[in-house]
Structure formats: structure tokens, C-alpha cells
Amino acid sequence: MEIDGPLEKPNIKVLGNSLFSQVHLHEKYGGVYPNLAKREHEKNLPPLLEKTIKEAGTSDVDFIAVTAGPGLEPALWVGIGFAIELGKKWNKPVVPIDHMEGHIYSVLYEARDTLALPALALLVSGGHTELVEVKDFGHYEIIGQTLDDAVGEAFDKVARMLGLPYPGGPQISKLAAASRLRIKDLEFKLPRPMLHSKDFNFSYSGLKTAVLYKLKAEGRSDQEFREDMARAFEDAAVEVLIEKTRRALIKLGDTVKTLIVAGGVSANTCLTGELERLVSEFPEISLRLPIKSLSTDNAVMIGIAAFIKASRQPEILKQELEIRASGNLALTS
Ligand code: KG4
Ligand code: ZN
């Protein structure tokens, strides 16, 4: 990709982009199976690179960006090893990038408006549920996070209980929409874990267990009941996200100019509808979401984050960095 211009509104041109989704391979495990992911990365990276270079019509780059974490370490190491090899072959620097920083800056792609900072970022994916204060480019503070399962993971696990394939988010959403069309109100409600806790943390494992108990207690598996369960779960999961975000916006007050929502779950239309409603309560704050194809993991967002990092710290392009995979890498200031 080619990027230039101001960090708040860069000109981004994607010359070549290939994504090899392993979703169907992991479907039968109901989630990502680490060793399979590693093997598949090893197999797919060389042909993907070749295809992308052909599409771009050039391999003349200033630097190579690679995800260093957070994520599954065996899979991260494959990417890092591949990037380092390529860096040697092309004699170009390699820039390590934080996966969550990628999600934050995914909102810069195809954006009409300038990104106003400071921002509050709600990052919702299969591995993370975080509220992050984005004080400036490169300066972050995590103010809340999940104490157990991530919200996307809960979508995936509940989908599995309902006999739906991985990834569960879009499947749950489809069933829930059918229930909303069919009946106005549900007869039952699932718990909203930590809704009233004073902090900005989340917990999704209790909600998942509540679904399991309800399924056992009712002993039903007909389509209408599954639709209603999916809806009850989605309503509960989304309400907690919205409520905690509202409280964080109130606490941070005038300092926040933008609400960024990114990561796989940001594609959820129930969530985006509620977010629109939420920001209408805060006229000074604008909502920024990635385009749908950049909500789930992708290379474009990693490239954008690398552009921002290299612009702020040009010295990193002049040294050979020691890059290590870090499964639990966390955003800091
Ligand atoms: O960001 P992402 O691609 O990968 C991680 O970094 O984890 O997010 C994947 C997650 C999966 O758990 C998937 O079920 C969820 O995003 N997801 C959704 C939707 N689309 C993807 N969850 C709810 N509603 C959706 N429409
Ligand atoms: Zn992600």
C-alpha cells in the first residue's frame, strides 16, 4: 500500500491486498485451533505474498509491517519469521505492530473526516473487549477490559451451543433479527454481567453459562426458540457494551472528541444501531467505525498503524529491531 499525508487523515491507496481466511478450516472446532492456524500460515504466506506483489505490480517498498501481538503466539511467530526473512531478502526494515493498534486505525481507511483525538476506543473482537483512552497517536490507556471471555468469543460459544457454525457473530445476528421481526418483546431476559459495577470492566463467561442453563431448562431446540435465545444473548451482550461505553464517555467528559469502535464485533448491526443512539446523547462526539471488510482482522489496518508508527518514530526504520511475538501484548502510553 501507499500512504502519505497527515496522520489524522492519511491518503491510503491499497495496491494489492490478499486475505486467506481460515474460518472454514476452524469451523468444526468452534474456534481457532492453534496448531492448525500455525501450519496454515506457513503454507499460505508464500503464495499470498506472490499474489499480492503481482496485483500491486511492485515489490519496491520502504518497509515491511508485521503483527507482533496480541494473539496466538505460534501463529504470530510464523508471520514474524516470514517478515524478517523478507526484510533480509529485500534489505528493508521490519516494523512490529500491535494488533489492537491496527484495529484502532482501521477507521482511517476510506474515511471522509479527519480523526479528532483524544478518542475513546471500544475494541471488540474474538480475543478482546477493551475500552481504551487514545490520548494521542501512540499514547493509550486501557481503562477497562474483560475479566474472562471476550465478547466475540461469547458470540462464538453461544453460536456453538445453538448448533451454528464458526464464526458465530454473524450467525447469531441473523437469528436474532428473525426473532425481532416475529415478536415485539421477548418473554425472558438474560443477565447483564457487571452492568452496575463501578469500573469499566466486562465479563462474558456468566452470560454464556446463563444461555447454557436456559437451553437445558427449556429442553427446546426448535427454530423459534433458537432465534429468541440468540436475540436475548445479543441484547444482553450489546447492552453491557453500550452502558460501559456511555459511562466512560461521561467520565472522560470534554476531553473526548471521537468514539472509535473496531474489531470483528463492530460489524454487528444491533451494536452499531445502539451506538448511533448513544452518540446522539453526546453532540460533540463523532462515532467512527471501520468499513465492514476491515472490521475483522486484515493486513490493511496493520499497514496503516505502521505508517503512523514510522511517521512518529522515523528512527525505527534505521535500526534492526529485535521482534518477538507477544501473545498478551497490551497497549500502553
Ligand atoms: O477482530 P477479529 O477478526 O479477530 C480477533 O482479533 O479476534 O474478530 C473476530 C470476532 C469473532 O468472534 C466473530 O464471531 C466476531 O468477531 N464477529 C461478530 C460479527 N462479525 C464478526 N460478532 C457479532 N456480530 C457480527 N456481525
Ligand atoms: Zn483482531
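Where is Gly 327 found? Gly 327 lies in the segment after α10 (299-312). The views below are close-ups of a predicted model.

**View 1. Surroundings of Gly 327, in the segment after α10.** With a relative accessibility of 13%, Gly 327 counts as buried, because buried means under 20%. Setting aside residues up to four places away in sequence, Gly 327 touches Pro 70, Gly 71, Glu 73 and Leu 76. Glu 73 and Leu 76 fall within helix α3, which covers residues 73-90. His 24 and Gly 327 are separated by 303 residues in sequence and, from C-alpha to C-alpha, by 23 Å in space.

**View 2. Helix α3 (residues 73-90) and its buried residues.** The helix has 18 residues, and its first and last C-alpha atoms are 25 Å apart, close to the 26 Å expected at 1.5 Å a residue. The buried residues of α3 are Ala 75, Leu 76, Val 78, Ile 80, Ala 83, Leu 86 and Gly 87. They pack against α2 (34-56), β3 (64-69) and β4 (94-98). Leu 76, buried in α3, is also one of the residues touched by Gly 327. Just after the helix comes Asn 91, with a positive phi of about 55°.

**View 3. The zinc ion (ligand 2) and its donor residues.** Three residues coordinate the ion: His 99 and His 103, each through NE2, and Asp 297, through OD. The coordination distances are 2.0 to 2.1 Å. Along the sequence, the donors follow the spacing H-x3-H-x193-D. Both histidines belong to helix α4 (residues 99-105), where they sit four residues apart, or about one turn of the helix. His 99 and His 103 are both buried.

**View 4. The crossing of α5 (151-161) and α6 (168-182).** Two packed helices are described by the angle between their axes and the distance between the axes. Here the axes of α5 and α6 come within 8 Å and cross at roughly 65°. The crossing is left-handed. On the α5 side, the contact is made by Phe 155, Asp 156, Val 158 and Ala 159. On the α6 side, Gly 168, Gly 169 and Ile 172 take part.

**View 5. Helix α7 (residues 205-218), with a buried side and an exposed face.** This helix of 14 residues reaches 20 Å from its first C-alpha to its last, close to the 20 Å expected at 1.5 Å a residue. Buried within α7 are Leu 207, Lys 208, Ala 210, Val 211 and Leu 215. Viewed down the helix axis, these buried residues fall within an arc of 155°, so they line one face of α7. The cover over them includes α5 and α8 (223-252). Tyr 213, Lys 216 and Ala 217 are exposed, on the face turned away from the buried side. Gly 219 follows α7 and has a positive phi, near 60°.

**View 6. Thr 245 in helix α8.** The relative accessibility of Thr 245 is 0%, so this residue counts as buried. Its contacts, leaving out residues up to four places away in sequence, are with Leu 120, Leu 122, Leu 131, Leu 259 and Leu 278. The helix that holds Thr 245 is also among the elements covering the buried residues of α7.

Methods
Residues are numbered from 1 along each chain as its sequence is written. Chains are lettered from A and ligands numbered from 1 in the order in which they are written. This is a predicted model: local features need pLDDT of at least 70, side-chain atom pairs count only at pLDDT 80 or more; totals for chains, interfaces and linings use all residues. Side-chain values use heavy atoms; hydrogens and water are left out. Helices (H or I, at least four residues) and strands (E, at least two) are DSSP runs, numbered from the N terminus. The expected span of a helix is 1.5 Å times one less than its number of residues. Buried means under 20% relative accessible area, exposed over 50%, partly exposed in between (1.4 Å probe, protein chains only). The arc is that of the directions from the helix axis to the C-beta atoms. Contact means heavy atoms within 4.5 Å. Donors are N, O and S atoms within 2.8 Å of the metal (3.2 Å for Na, K and Ca); water is not among the atoms, so sites may look incomplete. Axes are lines fitted to C-alpha atoms, for helices over the stretch in contact, and angles run from 0 to 180 degrees between N-to-C directions. A crossing is left-handed if the near helix is turned anticlockwise from the far one by less than a right angle, and right-handed if clockwise.
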